[in-house]
Amino acid sequence: MLEVLEMTPPPPPPPPRQPAAARGRGKGHAGQPRKQPLQTSVAQPKAETAAAAAAVPPPEAAKKCGGRRRGGRGRARPVDTRPASGPAVAPAATTRAVIGPPVTSKGLAFCRRPGFGTVGARCVVKANHFLAEIPDKDLTQYDVKITPEVSSRYVNRAIIAELVRLYRDSDLGTRLPAYDGRSSLYTAGALPFDAREFVVRLADEDSGTGVPPREREYRVAIKFAALADLHHLREFIAGRQASAPQEAVQVLDIVLRELANQRYVPIGRSFYSPDIRKPQRLGDGLQSWCGFYQSIRPTQMGLSLNIDMSSTAFIEALPVIEFVAQILGKDVMSRPLSDANRIKIKKALRGVKVEVTHRENVRRKYRITGVTAQPTHELIFPIDDQLNMKSVIEYFKEMYGFTIQQSHLPCLMVGNQKKANYLPMEACKIVEGQRYTKRLNEKQITSLLKVTCQRPREKEMDILQTVHQNGYDQDPYAKEFGINISEKLTSVEARVLPAPWLKYNDAGKEKECLPQVGQWNMLNKKVINGGKVSHWACINFSRSVQETTARGFCQELAQMCQISGMEFNSEPVLPIYSARPDQVAKALKHVYNVALHKLKGKELELVLAILPDNNGALYGDIKRICETDLGLITQCCLTKHVFKISKQYLANVSLKINVKMGGRNTVLVDALSWRIPLVSDIPTIIFGADVTHPETGEDSSPSIAAVVASQDWPEVTKYAGLVCAQAHRQELIQDLYKTWHDPQRGTVTGGMVRELLISFRKATGQKPQRIIFYRDGVSEGQFYQVLLYELDAIRKACASLEPNYQPPVTFVVVQKRHHTRLFANNHKDRSSMDKSGNILPGTVVDSKICHPTEFDFYLCSHAGIQGTSRPAHYHVLWDENNFSADEMQTLTNNLCYTYARCTRSVSVVPPAYYAHLAAFRARFYLEPELSENHTSKSSSGTNGTSVKPLPAVKEKVKRVMFYC
């Protein structure tokens with residue numbers, strides 16, 4: 001762990017040059033008096049450090065998030081949030097209160113919108129939001145209890161549908177209720193009773209065990225629960241109420257989903273059908289089904305129905321033999337299966353539902369539990385208690401008159417494990433409508449992307465057609481509840497923010513550059529700070545690349561690095577070393593040791609690795625060994641790029657190598673001239689954080705959290721990154737701040753935020769006086785939880801470094817996984833679009849389709865390449881730095897032009913992007929046995945589960961942008 005540095009400020013730097021236009025404020029932020037605390041102080045655990053237990057001044061809190069004055073620059077005086085009887089709060093210097101987390105989420109108000117942005121060229125865009133008008137009356141909620149209890153929503157819905165069919169015109173008083181599939185029923189107006197029990201008879205859903213379905217009797221108790229209050233929803237939309245009445249929104253959502261639930265296959269918030277668009281084959285027995293996403297949400301314009309197109313993979317309804325032939329990629333009719341192929345088929349078919357085809361009108365359904373080890377002609381089974389045996393072939397001939405042709409193939413095992421039933425493959429067909437939940441292979445992903453990748457105009461037309469097909473005006477449930485849905489896309493006022501000027505090295509012909517439509521190039525430019533590579537080596541893992549080809553490629557790359565402005569030695573330390581991919585560890589260690597010997601103790605600075613195009617685990621192995629064991633920086637290149645050397649490719653690789661060597665590629669001109677509002681005035685650190693979770697089906701792998709932070713000021717371009725493993729699917733970042741007991745040193749403090757604050761101080765000679773924290777990957781339902789936990793951890797990390805050290809924090813959530821899409825208002829007007837037909841980079845929207853009261857905006861910061869651009873959604877949850885809308889939007893957009901790996905503006909703010917890259921990289925550090933039930937020395941997660949810590953990244957690697 002890094003040692004604690006004395007965090008007292010160094011001698012002040014020369015005062016920054018601050019043009020009059022930059023702030024227009026009168027006073028700098030650094031001199032502002034402390035504001036009120038976030039909440040009443042709560043007792044801290046005794047394990048806190050002495051430093052943390054010492055005075056921690058409250059951050060500038062609810063002053064900003066409580067309320068604001070509209071207009072002007074969106075500034076407001078601090079709002080006093082003290083309880084009426086509470087004491088006055090002393091100035092920061094004498095405060096000795098300890099800050100704990102806010103006691104409840106109710107005590108925490110998200111940041112209110114400081115006003116609307118004005119910077120940029122005004123334009124109009126269309127959004128896939130459809131205005132929903134709701135009736136001026138309350139809805140009624142009833143509790144539903146079905147006996148015997150049913151776990152399937154599908155069966156629950158069938159029971160209630162039958163109840164409505166039988167009793168709607170009598171006992172239900174002609175009401176058409178909407179049902180959530182679980183325990184709540186909603187009506188537009190009261191039912192004629194407060195409580196009643198009904199009896200419904202329904203044939204069982206086919207269980208897949210082969211037992212014929214029988215009619216069951218269900219008792220359904222319906223009891224009045226509450227009035228679903230729409231008044232508060234209207235107040236919230238009008239901005240007169242702080243928190244959204246989620247129950248009311250949920251009711252309307254259920255009503256509008258009721259008909260779609262009956263028509264389509266519901267998955268999550270989307271609906272799929274083979275009738276929406278013709279399914280496309282993805283290979284290996286899969287096909288893509290088209291569908292649509294639907295969600296209702298409160299916005300500034302009122303309630304909005306968000307509709308978007310979506311696609312997912314389904315198992316094709318094929319005869320099983322055809323499915324098997326697709327899986328194996330060969331004809332299976334001629335010879336028996338090998339053990340390896342049988343296992344492959346077993347994995348692919350386990351859990352899949354099939355129906356039998358050998359019994360004329362009887363199409364009974366079964367769920368596959370396995371595949372027999374023997375071929376069908378060897379299978380026999382007992383037909384009675386005396387253990388008289390019969391072969392499967394004889395049984396099917398005698399019982400059904402069915403002659404098994406493919407007796408060399410194994411049988412499917414269906415039903416329960418105790419009494420397995422055998423079904424010949426040729427007598428079974430896969431049931432339609434089964435979603436494929438396992439991981440897709442590369443080919444399938446490519447095929448699915450081709451299906452989903454639509455130009456903006458096509459996507460817009462499909463969305464409009466979907467709304468038309470859904471026929472909300474004819475939807476009996478929408479009619480019953482008085483909900484009207486517009487069939488027009490919402491027109492929204494937007495602005496196109498200007499691109500920032502970028503600074504390059506004065507040694508190049510072009511010293512500054514203004515990107516055009518989100519892109520530029522390195523012609524006539526040199527990186528602003530070139531890295532130095534004196535000692536490097538190349539390992540060739542590709543059998544198809546000859547040594548002369550590899551040498552030629554390395555020389556071209558070295559030359560490009562020199563042209564780009566790096567000091568790059570043209571000659572490697574040792575000749576190119578060829579190795580087999582399965583000897584990766586041996587090869588890396590050999591090259592490392594030979595170079596160490598040859599350089600008399602100096603280490604290699606860079607290893608170039610040439611990889612086969614399909615390299616399996618090789619890439620991850622190289623990164624794990626080099627970054628956590630040998631302390632080497634690597635650059636991997638695929639064989640196809642080595643053979644086809646393109647200048648553009650080499651230029652991009654040189655940009656990556658430069659930042660891995662500690663260089664900078666470009667810097668915002670405004671950063672160097674101290675003109676970035678709320679960044680240039682005082683030392684500011686910008687964090688990015690993300691958590692990546694294992695793929696569906698991996699239920700033992702840990703989640704990986706990554707945090708990066710800027711290490712230079714005023715440039716804010718270099719980001720150091722830290723990673724850690726945490727409990728499976730845990731979204732809160734556990735290691736932002738932590739304390740543990742050391743037998744020698746007693747209580748020790750650490751954590752990622754603390755370590756990055758210290759490294760910022762080491763790198764710049766100054767302690768951060770402002771924190772901007774971009775947090776990726778948080779869904780709306782987790783906003784409160786994440787903010788409460790992580791803001792508290794940031795504060796504790798600061799307090800552990802120095803008493804009274806509490807720099808003001810701005811906490812921004814970045815979301816890419818949403819379904820809002822923005823389209824050009826006129827697809828014929830080329831000036832309003834980029835080459836791909838998407839809206840222009842820099843387009844920002846903060847009105848109409850945004851939150852009624854909170855500080856959020858959509859920003860499309862990148863130029864589209866293919867498909868429809870997805871704007872990033874930024875939600876400022878907490879802001880002690882008093883950002884205006886323009887300041888936050890401009891800073892975020894400008895940062896998108898500083899991404900190190902390419903000469904394009906990117907779709908997500910770089911610190912969040914880098915955190916995502918670092919978390920993705922760390923997945924390679926997990927030991928392969930972690931995917932099994934492997935136990936070893938581990939650290940305990942907060943929910944009692946143990947997680948094996950990741951191997952530590954070497955200090956030399958950690959200091960640079962190794963994850964690029």
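**Close-up views of a predicted model**

**View 1. The largest nonpolar core of this predicted model has 136 residues.** If you would like a few side chains to start from, those with the most contacts inside this core are Ile657, Phe687, Tyr774, Tyr874, Tyr914 and Tyr963. Helix 20 (residues 783-801) gives the core its largest share, ten residues. Another core, of 61 residues, lies apart from the largest one. Among the residues of this other core are Ile160, Val200, Leu259 and Leu305.

**View 2. Here are the surroundings of Ile657.** Which residues is Ile657 in contact with, leaving aside its neighbours within four places in sequence? They are Leu557, Cys561, Met566, Phe568, Leu606, Leu608 and Gln635.

**View 3. Helix 19 is mostly covered.** Of its 13 residues, ten are buried. The buried stretch takes in Met752, Val753, Arg754, Glu755 and Leu756, together with Leu757, Ile758, Ser759, Phe760 and Arg761. Does the length fit? Because a helix is expected to span 1.5 Å a residue, the 13 residues of helix 19 (residues 752-764) should cover 18 Å, and the end C-alpha atoms are indeed 18 Å apart. Just after helix 19 comes Gly765, with a positive phi near 80°.

**View 4. Ile380, Leu387 and Met389 make a nonpolar surface patch.** The area of this patch is about 310 Å². Met389 sits in strand 16 (residues 389-391). Is Met389 buried, exposed or partly exposed? Met389 is partly exposed, because its relative accessible area is 43%, which falls between the 20% limit for buried and the 50% limit for exposed.

Note on methods: Residues numbered from 1 in each chain as written. Predicted model: local features only at pLDDT ≥ 70, side-chain atom pairs only at ≥ 80, totals over all residues. Heavy atoms only, no water. Helix = DSSP H or I, 4+ residues; strand = E, 2+ residues; numbered from the N terminus. Expected span 1.5 Å × (residues − 1). Buried < 20%, exposed > 50% of the residue type's maximum accessible area, 1.4 Å probe, protein only. Patch = residues over 30% accessible without salt bridge, like charges linked within 9 Å, V, L, I, M, F, W, Y side chains within 5 Å. Areas by Shrake-Rupley, 256 points an atom, 1.4 Å probe, with all protein chains shown as cover. Salt bridge = Lys/Arg side-chain N within 4 Å of Asp/Glu carboxyl O. Core = buried A, V, L, I, M, F, W, Y, C linked by side-chain atoms within 4.5 Å. Contact = heavy atoms within 4.5 Å.
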